[in-house]
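Student: I am new to this structure and would like to get to know it. Could we look at it together?

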Amino acid sequence: AAPPAPTVHMWAVHATQEDREARYISPELDPRVQDAMADMPFDTYRALRIASRPAPYTWETRFPINDKYSLIAKPVSREPDGRIRIAVRVEMAPEKEGDKPINALEIRLVVTPGNLVKFRGLRLDKGELVVVLLARE
């Protein structure tokens, strides 16, 4: 029998530099996600989208982020040690309707259930899109 579908949690954050006196982080972000922003050079972190859903093995599960970006998670397999092999990509909406989406980021990972993974560097309105993922069974 196939292993149960992992649950994938996604936090999409808009990181910007707004010359604040004190760093601002959206309070609805999980404390561990807030901690994951500590090493970044911005002073403002706003939650764009927080989502959590089952992501069956070998299926692509889409997490819309905003009108420009979507994250697609595809758990590939469960390793003997319990880690989850997962393919992740961030798609950018095409410039012209009818064109194919653009892969802004594509990566394959082996993640320990419950550990956070952070992706950054995607441009978004005078700042950066930061995506934090967590998978667990």
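Student: How far apart are the mean positions of the positive and negative charges of the chain?

Tutor: This is a predicted model, where local features need pLDDT of at least 70, side-chain atom pairs count only at pLDDT 80 or more, and totals for chains, interfaces and linings use all residues. Residues are numbered from 1 along each chain as its sequence is written, and side-chain values use heavy atoms, leaving out hydrogens and water. Lys and Arg count as positive, Asp and Glu as negative, without His and the chain ends, each placed at NZ of Lys, CZ of Arg, CG of Asp or CD of Glu. The chain has 21 positive and 20 negative charges, and their mean positions lie apart by 4 Å.

Student: Which pattern does the chain follow along the sequence?

Tutor: Helices (H or I, at least four residues) and strands (E, at least two) are DSSP runs, numbered from the N terminus. The chain has one helix and nine strands. Read in order, they give β-β-α-β-β-β-β-β-β-β.

Student: Which residues touch the most other members of the largest nonpolar core?

Tutor: Such a core is a set of buried (under 20% relative accessible area, 1.4 Å probe, protein chains only) Ala, Val, Leu, Ile, Met, Phe, Trp, Tyr and Cys residues joined through side-chain atoms within 4.5 Å. The largest one holds 24 residues, and β1 (7-16) and β9 (127-136) are among the strands that each supply at least two of them. Those touching the most other members are V8, M10, I65, L71, I86 and L129.

Technical notes
Buried < 20%, exposed > 50% of the residue type's maximum accessible area, 1.4 Å probe, protein only.
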